[in-house]
Amino acid sequence: MTEEKKIIFSGMQPSGLITLGNYLGALNNWTKLQNDYHCLYCIVDMHAITVRQDPIKLRKQAKELLLQYLAVGLDPEKNIIYYQSHVPQHAELAWILNCYTYMGELNRMTQFKEKSLSHADNINAGLFTYPVLMAADILLYQTDLVPVGEDQRQHLELARDIANRFNGVYGEVFKIPEGYIGKVGARVMALQEPTKKMSKSDENKNNTIALLDEPNVIMNKIKRAMTDSDNEVRYSDEKPGIKNLLNIYCAVTGVSIESAEKEFTHAGYGVFKKAVGEAVVAKLQPIQQKVKELEKNQDYIDTVIKEGAEKAGKMAYKTLQKVQKKVGFPTRVR
Ligand code: TRP
């Protein structure tokens, strides 16, 4: 890890089983960055509790997410992989940044508005200040680049605003992060509602393919995916179901859209769906195999967890100390 390498930070919530969408849209691309950047990939369990979670499930999902990070090929020697809750600096910086963020700014966050509607019985303060915790995640590590999807752009913009505001008062404390615009991953849509994004928190499990779904489950879900009635495999916005399946097929096989269209135009949806299913199964099987191997090696996992938190903690502490000094907290006597 040389110093000149730019720092990349990203995170995923352990709020459900990760999906083919998470894999093709994010994880798979992360693995391509690990040689050229200094990357931190956080499992943001503290973000996850902004909506109610079953504690047993949450802990299990956090572990599964870690195993899947490793199984897709994120190397813990090259990347810092860790649980957010193991590095208390996130919460400490978030508190400070809360005092430099305006209610009006948080009120404008579209994700807060959406989540307030979908969790109307639990509009807690954490849900409201969620973007400030995310800003802390990013700013703690002097991050240069943040690979995020469209839905997180507004939060990243806020992190930049907070950093600029803080720097404006105290001098250059935070690096101002930018969105990472690399080769964008495939945007995978819900199988039954192909106009909305595939999401791991979707209640309808027929909408999602989990990375760890059994082959027959995957085949069935794809077989039942919503399409249309004209039976022509063509890439068009008017055919969101087929378009989604073509995107998935091409992302997992590396085949171009044009040649996939050519191959399947008149094959009929049954044949096409079977090919998509088989291609997805073939892509996920080695990952699933790897997860099974990792599950047998708890000592190794424990080492990864411990070392990840240590490495992240060291970097985070540097920034936090600077911030604490700037805002006027008394120096700690050690
Ligand atoms: N809010 C992000 C999401 O739900 C997850 C996240 C938390 C994140 N902290 C982050 C992403 C920092 C990038 C950088 O998808």
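**Figure 1. Helices α3 and α12 cross with right-handed geometry.** The model shown is predicted. Helix α3 spans residues 55-71 and packs against α12 at an angle of about 120 degrees. The two axes lie 9 Å apart. Angles over 145 degrees count as roughly antiparallel and 65 to 115 as roughly perpendicular, with the rest beyond 35 degrees oblique. The angle therefore makes α3 oblique to α12.

**Figure 2. Helices α9 and α12 pack at an angle of about 150 degrees.** Helix α9 covers residues 215-223, and α12 covers residues 269-295. Their axes are 9 Å apart. The arrangement is therefore roughly antiparallel for α9 and α12. The crossing of this pair, α9 and α12, is right-handed.

**Figure 3. The ligand sits among 13 surrounding residues.** The closest are Gln13, Tyr130, Met134, Asp137 and Gln152. By class, the shell holds 7 nonpolar, 5 polar and 1 charged residues. Helix α7 gives the largest share of this shell, 4 residues.

**Figure 4. Side chains of Tyr130, Asp137 and Gln152 approach nitrogen of the ligand.** An N or O atom in the Tyr130 side chain is 2.7 Å from a ligand nitrogen atom. For Asp137, a polar side-chain atom also lies 2.7 Å from a nitrogen atom of the ligand. In Gln152, a side-chain N or O atom is 3.0 Å from a nitrogen atom of the ligand. On its own, the ligand has 360 Å² of accessible area, and the protein covers 89% of that. Two elements, β1 (7-12) and α7 (125-139), each give two or more residues to the shell around the ligand.

**Figure 5. Gln142 has a positive phi in the loop between α7 and β4.** The phi of Gln142 is near 50 degrees. This residue is not a glycine. Strand β4, at one end of the loop that holds Gln142, comprises residues 145-146. Most residues other than glycine have a negative phi.

**Figure 6. Asn231 has a positive phi in the loop between α9 and α10.** Its phi is about 60 degrees, although Asn231 is not a glycine. Helix α10, which bounds the loop holding Asn231, runs over residues 240-253. The other bounding element of that loop is α9, the helix that packs with α12 in Figure 2.

Notes:
Residues are numbered from 1 along each chain as its sequence is written. This is a predicted model: local features need pLDDT of at least 70, side-chain atom pairs count only at pLDDT 80 or more; totals for chains, interfaces and linings use all residues. Side-chain values use heavy atoms; hydrogens and water are left out. A residue is near a molecule or strand if one of its heavy atoms lies within 4 Å of it. A polar contact is a pair of N or O atoms within 3.5 Å; within protein, one must be able to donate a hydrogen and the other to accept it, and residues adjacent in sequence count only if both atoms are side-chain atoms. Accessible areas come from the Shrake-Rupley method with a 1.4 Å probe; for residues, only the protein chains shown count as cover. Ala, Val, Leu, Ile, Met, Phe, Trp, Tyr, Cys and Pro count as nonpolar, Asp, Glu, Lys and Arg as charged, and the others, Gly among them, as polar. Axes are lines fitted to C-alpha atoms, for helices over the stretch in contact, and angles run from 0 to 180 degrees between N-to-C directions. A crossing is left-handed if the near helix is turned anticlockwise from the far one by less than a right angle, and right-handed if clockwise.
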